[in-house]
Amino acid sequence: MYNDPNTGLRGIIAIHDTTLGPSCGGTRMWPYESETDALADALRLSLAMTYKSAAAGLNLGGGKGVIIGDPRTQKSESLLRSWGRFVDTLGGRYLTTTDVGTNGRDLESIHQETRHVVGLDVTLGGSGDTSIMTGLGVYMGIKACAGDAWGSDSLRGRTIAMQGFGKVASHTAKHLLDEDARVIATDISEDALGKAKSMGVQVVGAEEIFDTPCDIFAPCALGGVINKDSIQRLSCRIVAGGANNQLATEADGEELQRRGITYAPDFLINAGGIINVSTEIGQPYNPDRARQQTERIYEQMSAVLTTSRNKEISTARAAELLAETRLADVRRVRGIFRG
Ligand code: NAD
């Protein structure tokens with residue numbers, strides 16, 4: 001925990017696990033009501049990063065930073081640079097990047113004070129916009145689910161209903177349309193809807209999307225969208241999209257399974273962004289390498305779906321098991337000291 005009265009910074013860095021490598025996770029800036037809320041969020045999000053990176057096969061641990069404050073009114077260069085100095089004190093045990101409330105420009109200020117930053121703009125030698133690879137990963141994950149559900153991973157003629165048509169969804173849609181899938185989308189932003197239309201995507205109302213008959217429902221906006229109300233309305237075979245924390249509760253995942261709907265665990269299918277930044281660590285960013293590694297989400301997803309079926313557990317639990325198994329495996333190796 002860090003408190004810098006000179007700049008008004010109050011922040012927390014949570015390091016959950018470094019078995020696989022340095023902890024990595026974005027810096028979130030949010031007007032938390034209390035320090036306790038901020039701490040709980042940092043701990044919860046850092047754990048999620050351990051699972052995400054482990055399941056994606058990355059050599060990264062789980063960490064997260066939170067700054068207490070309103071990003072619209074309380075952000076300043078001095079506050080961000082002070083945060084960079086705090087990150088630097090950990091000597092590389094925590095690598096930071098953007099998250100809710102922080103952007104690429106903020107990262108540049110943080111980078112003035114520490115080199116333990118990933119995801120900088122390509123012009124600064126970083127890996128840049130994460131949503132390109134996240135979009136590709138979501139597409140690969142959707143294909144794996146299709147292969148599992150229908151015996152063929154072709155999406156030609158399949159209907160995908162996307163809730164939210166922002167950065168990730170539009171990149172995913174590009175791949176889907178290239179494969180002659182039918183894409184229907186909704187958004188609350190006129191700009192996003194305009195973009196969808198220009199790509200040949202059919203647009204429906206924000207509420208209508210839940211009742212749209214489709215093969216695949218893709219949550220690509222905010223979390224908690226799969227809940228006891230929305231589940232009643234969905235008429236799809238697969239739920240697979242880029243949003244974080246899609247399930248309102250664990251029970252909602254089980255309810256999807258009971259209804260015969262395959263759920264693609266969010267932290268597995270949306271790992272393209274962290275995969276992208278991981279490829280710039282210790283080497284110059286190579287987009288081909290990032291693409292190749294992101295495409296592996298297909299294999300990981302297929303493995304998780306098979307485990308879920310064989311062990312009769314939810315797909316979310318199967319994805320956690322994949323991460324836990326890898327962590328346990330690597331911990332065994334690290335038991336041997338090597339000078
Ligand atoms: P974005 O802001 O570009 O897109 C989100 C879109 O959802 C916006 O266009 C917004 O208008 C729309 N939206 C919000 N509420 C809505 C509602 N009720 N109904 C319909 N549309 C709504 O963000 P993004 O980067 O595309 O991220 C989308 C999701 O993917 C988020 O949950 C994010 O946490 C997750 N994610 C993103 C990345 C990444 O690399 N950008 C990586 C992993 C996970």
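Helices (H or I, at least four residues) and strands (E, at least two) are DSSP runs, numbered from the N terminus. S127 lies in the loop between α3 (104–111) and α4. The structure is a predicted model, in which local features need pLDDT of at least 70 and side-chain atom pairs count only at pLDDT 80 or more, while totals for chains, interfaces and linings use all residues. Residues are numbered from 1 along each chain as its sequence is written, and side-chain values use heavy atoms, with hydrogens and water left out.

**Loop residue S127**

With a relative accessible area of 4%, S127 is buried (buried means under 20% relative accessible area, exposed over 50%, partly exposed in between, with a 1.4 Å probe and protein chains only). The side chains of S127 and E280 are joined by a polar contact of 2.6 Å. A polar contact is a pair of N or O atoms within 3.5 Å; within protein, one must be able to donate a hydrogen and the other to accept it, and residues adjacent in sequence count only if both atoms are side-chain atoms. Not counting residues up to four places away in sequence, S127 touches G119, L120, V122, N276, V277, E280 and Y285, where contact means heavy atoms within 4.5 Å.

**Helix α4 and the ligand**

Helix α4 comprises the 20 residues 131–150. At 1.5 Å a residue it should span 28 Å, and its end C-alpha atoms are 28 Å apart, which agrees; the expected span is 1.5 Å times one less than the number of residues. Of the 20 residues of α4, 16 are buried. G151 follows α4 and has a positive phi, near 80 degrees.

The ligand is surrounded by 18 residues, and the closest are T130, T134, V168, D187 and A221; a residue is counted if one of its heavy atoms lies within 4 Å of the molecule. Oxygen atoms of the ligand take part in the polar pairs tabulated below.

| Residue | Partner of a ligand oxygen | Distance |
|---|---|---|
| T134 | N or O atom in the side chain of T134 | 2.8 Å |
| D187 | N or O atom in the side chain of D187 | 2.5 Å |
| A221 | polar backbone atom of A221 | 2.7 Å |

Taken alone the ligand exposes 830 Å², of which the protein buries 73%. These accessible areas come from the Shrake-Rupley method with a 1.4 Å probe; for residues, only the protein chains shown count as cover. The elements giving two or more residues to the shell around the ligand are α4 and α5 (167–178).

**Helix α6**

In helix α6 (residues 190–198), the residues A192, L193 and A196 are buried. They cover an arc of only 100 degrees around the axis, which puts them on the same side of α6; the arc is that of the directions from the helix axis to the C-beta atoms. An α-helix has 3.6 residues a turn, so residues three or four places apart point the same way. The buried residues of α6 pack against β7 (182–186) and β8 (202–203), whereas the face turned away from the buried side carries the exposed residues E190, D191, K197 and S198. The N-terminal end of α6 is capped by S189, with a side-chain oxygen 3.3 Å from the backbone nitrogen of D191. After α6 comes G200, whose phi is positive, near 90 degrees.

**Helix α11**

In helix α11 (residues 287–295), A290, Q293 and T294 are buried. Viewed down the axis of α11, these buried residues fall within an arc of 100 degrees, so they line one face of the helix. The buried residues of α11 pack against α4, α10 (272–278) and α12 (297–311). At the start of α11, a side-chain oxygen of N286 reaches to within 2.9 Å of the backbone nitrogen of D288.

**Further loop residues**

D180, in the loop between α5 and β7, has a positive phi of about 65 degrees although it is not a glycine. At 46% relative accessibility, D180 counts as partly exposed. N245 is likewise a residue other than glycine with a positive phi, near 50 degrees, and it lies in the loop between β10 (238–239) and α8 (250–258). The relative accessible area of N245 is 44%, and N245 is partly exposed.

G92 is found in the loop between α2 (77–89) and β5 (94–98). G92 is buried, with a relative accessible area of 18%. Leaving aside neighbours within four places in sequence, G92 is in contact with P22 and H116. G92 and V122 are 30 residues apart in sequence and 21 Å apart in space, C-alpha to C-alpha.
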